[in-house]
2 protein chains.
Amino acid sequence: MRDFEFQNGTKILFGKDQEQYVGRESTRYGKKLLLHYGGGSIKSSGLYDRVVSSLREEDIEIFELAGVKPNPRVSLVREGVIICKENNIDLILAVGGGSVIDSAKAIAAGAKYEGDVWDFYTGKNSVSDCLPIGVVLTIPAAGSETSAGTVITNEDGFYKRAMGHNNLRPKFSILNPVLTYTLPSFQTACGITDMMAHILERYFTNERNVELTDRLCEATLKTIINNAHTVLENPTSYDARAEIMWSGTIAHNDLLSTGRVGDWASHDIEHEISGIYDIAHGAGLAIVFPAWMKYVYKHDINRFVQYAHRVWNVEIDPFDLEKTALAGIKKTEEFFRSIGMPISLTEVNIFDEHIDEMAKKGTERGPLGNFVKLYEEDVRQILQLAK
Amino acid sequence: MRDFEFQNGTKILFGKDQEQYVGRESTRYGKKLLLHYGGGSIKSSGLYDRVVSSLREEDIEIFELAGVKPNPRVSLVREGVIICKENNIDLILAVGGGSVIDSAKAIAAGAKYEGDVWDFYTGKNSVSDCLPIGVVLTIPAAGSETSAGTVITNEDGFYKRAMGHNNLRPKFSILNPVLTYTLPSFQTACGITDMMAHILERYFTNERNVELTDRLCEATLKTIINNAHTVLENPTSYDARAEIMWSGTIAHNDLLSTGRVGDWASHDIEHEISGIYDIAHGAGLAIVFPAWMKYVYKHDINRFVQYAHRVWNVEIDPFDLEKTALAGIKKTEEFFRSIGMPISLTEVNIFDEHIDEMAKKGTERGPLGNFVKLYEEDVRQILQLAK
């Protein structure tokens, strides 16, 4: 087990009607708030009105910035930064899913920075100070509601880049599973894939003797798998929605990373795909992850055997560990298909023409991954396996 | 799953030599520090010198209060409160195990209170403000390094009482598994029992649909069980010590309680025993928990079957679930014995004479437990089963 620091102080309010407390929680951080969200769904569902009403009860002055899209854009972030600076905003409240929260984090960092916010994503500068962030979560997927990270797309070249800082963890996050009842099946399934991918990125490590975190990863994966079909077949099953929602947070709050180094190549490869094609992040991950597994499993067959056995209940064949490992990969792929995810690039109309470009662009800042280091040719081969 | 609030912002520094950062972490909270510890073991090990040297590098003025004993006493707490008030202490640093940390929490609360600190333990008043607390952990067991709770014994009547408040969670906790190499086997085993008991108290709940937290509990229990004999046979196994140490924190940081209500009757019964007899808390739990299980398992055989199967790898006999449940209880008892714990009251020279008194005193504020409500006669019967 590696040495580590871990701190995640996000206050979670979990359960029915918890959004009624958004005013009480927000007012601890000031009276001028930027309400950040996506499109009209929070208005048609009535959530917008409930949030605004709770904020007004605390006499909070509300500024608004709507229009966050999936794969959120740096141009909107820059607008948000200007609003915050011009109006001395105290707190940013993100009402939405991972895209809205990631965009809010970028604004929070940019609001306390003299330069251009994109600097944080290129590594030109790193976050020191930021505005506090609050969250009302509507899509369980990205784990951004307690994570330190944010992923933003720069339309100028379609670069999708990540950055993180412990100060960017939201101060509070409100998680009401009822708000997820109305998510379309495809979006629910993308979220399930995303949270599983967050765990898998951490699970495939070269660190030995990480039994506790291995088992915590497996526990969370099994819970997601066991509840996935329930929420798809019965979208208003409170308990299954709650299991999925809380699992999505645990998947990415960094507890499961303690003492180990994760891989993250599949995320990086997926960012190249969704940076260009604007497909859903979860769908991209369902395509990339099984291909990545097929390409790297020989690097540590024992770990893939453990994965197959403990997560997918594959019986271990002591005479043919490779067969066991491959069975686990097959189960992963079959599961993604069973929840309606694409598992090949051709299914989402991505053909050969961009593979070389994605492999080149994805590795231009160095090789990807930690479990196995992937160079341009490796990424090309993984994308070929994902066709 | 129940609605819940969860927030645990304790900063963890985990790994080799991490105590070197205690000055850097402490200085964030001020320059006047009360160093709180037990006996001479931290001096003979050299830990005391390393801590003091790190604090002096930051020009921190150190006040000292040593002498914390297992089952820490309110009299020493009151001394600490006076030191803090008279010297305007900024931060209390606990160097030790659960007893030292619990004592530090009591002092931290008492230092910001006009009345007598014992009021918090009788329920006469509740904590609102407290001094910040830092921790250098030397015994993985109580989980007090990130928990909100504290247990103190009042010598006037030998009452052992618990209280908790989210503000009492330490600001930082330094966990270096190497510091636990020199723990005597008995103390190591008591710690293992204590952390397992913290999980079991949470595991036995009447809440339905708590799959994620069930599985996280099982993951942590399995890790502790798998590493227990290694640390006893090879006390300097870094990796096994690290698994045990981190598991002890996870067992009691309240993540495993989210969405469920635990039982806690076994802890309350044990507090009656160790309040009178001053036996090690872990040893008391090893005696009480199997007896409690035998007394209550019929209340929810399915849960005990799940426990037997998932934690102890007992094959489920679908034709005789009771047999499966009982096999899990037997495994628990055998495990405690295998790590050198007593599993009956007579082994620790406690005989009939005090059973009635403990049953009476333990229930005088109302019935114990949530999984099954236990009245005086129930507690008496459990203690009889524990003979």
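Let us start with a single pair of residues: in β3(A), Glu61(A) is the bridge partner of Lys32(A). Lys32(A) belongs to strand β2 (residues 32–37) of chain A, which runs parallel to β3(A) and is joined to it by 5 bridges. Strands here are DSSP runs (E, at least two residues), as are helices (H or I, at least four), and both are numbered from the N terminus. Two strands pair if DSSP finds at least two bridges between them.

A word on the ground rules. This is a predicted model, in which local features need pLDDT of at least 70 and side-chain atom pairs count only at pLDDT 80 or more, while totals for chains, interfaces and linings use all residues. Residues are numbered from 1 along each chain as its sequence is written, chains are lettered from A and ligands numbered from 1 in the order in which they are written, and side-chain values use heavy atoms, with hydrogens and water left out.

Now step back to the sheet. An open sheet of 12 strands, with mixed pairing, follows the order β3(A)-β2(A)-β4(A)-β5(A)-β8(A)-β1(A)-β1(B)-β8(B)-β5(B)-β4(B)-β2(B)-β3(B). At its edges stand β3 (61–65) of chain A and β3 (61–65) of chain B, each pairing on one side only. From one strand to the next, the twist averages 25 degrees. Strands of a sheet pair through backbone hydrogen bonds, either parallel or antiparallel.

Helices lie across these strands. In chain A, helix α3 (residues 47–57) crosses β2, β3, β4 (91–96) and β5 (133–137), running at about 170 degrees to β2(A). In chain B, helix α5 (residues 98–110) lies across β2 (32–37), β3, β4 (91–96) and β5 (133–137), at about 165 degrees to β4(B). Such angles run from 0 to 180 degrees between N-to-C directions, with axes fitted as lines to C-alpha atoms, for helices over the stretch in contact.

Where do the two chains join within the sheet? Strand β1 (residues 4–14) of chain A runs antiparallel to β1(B), and 7 bridges link them. Here Leu13(A) stands opposite Glu5(B). Glu5(B) also forms a salt bridge with Lys11(A), their closest N and O atoms being 3.8 Å apart; the term means a side-chain nitrogen of Lys or Arg within 4 Å of a carboxyl oxygen of Asp or Glu. The interface has 4 salt bridges by this rule. On the side of chain B that touches chain A, β1 (4–14), α8 (211–233) and α9 (238–250) of chain B each supply at least two residues, and β1(B) gives the most, with 11 residues.

The contact (heavy atoms within 4.5 Å) takes 38 residues from chain B and 39 residues from chain A. Together the chains bury about 3500 Å², 54% of it on carbon and sulfur atoms; buried area is the accessible area (1.4 Å probe) that two parts lose on being put together, summed over both.

Salt bridges also occur elsewhere, and the whole structure has 52 over all chains. In one, the side chains of Arg78(A) and Asp116(A) meet at 2.9 Å, N to O. Arg78(A) sits in helix α4 (residues 74–87) of chain A and Asp116(A) in the loop between α5 (98–110) and α6 (119–122) of chain A, so the pair ties together parts that are 38 residues apart in sequence.

Finally, look at a hairpin in chain B. Strands β6 (residues 149–154) and β7 (residues 159–164) of chain B pair in the antiparallel sense over 6 bridges, and Asn154(B) has Tyr159(B) in β7(B) as its bridge partner. The hairpin has 4 residues between its strands, and Gly157(B) in the turn has a positive phi of about 105 degrees.
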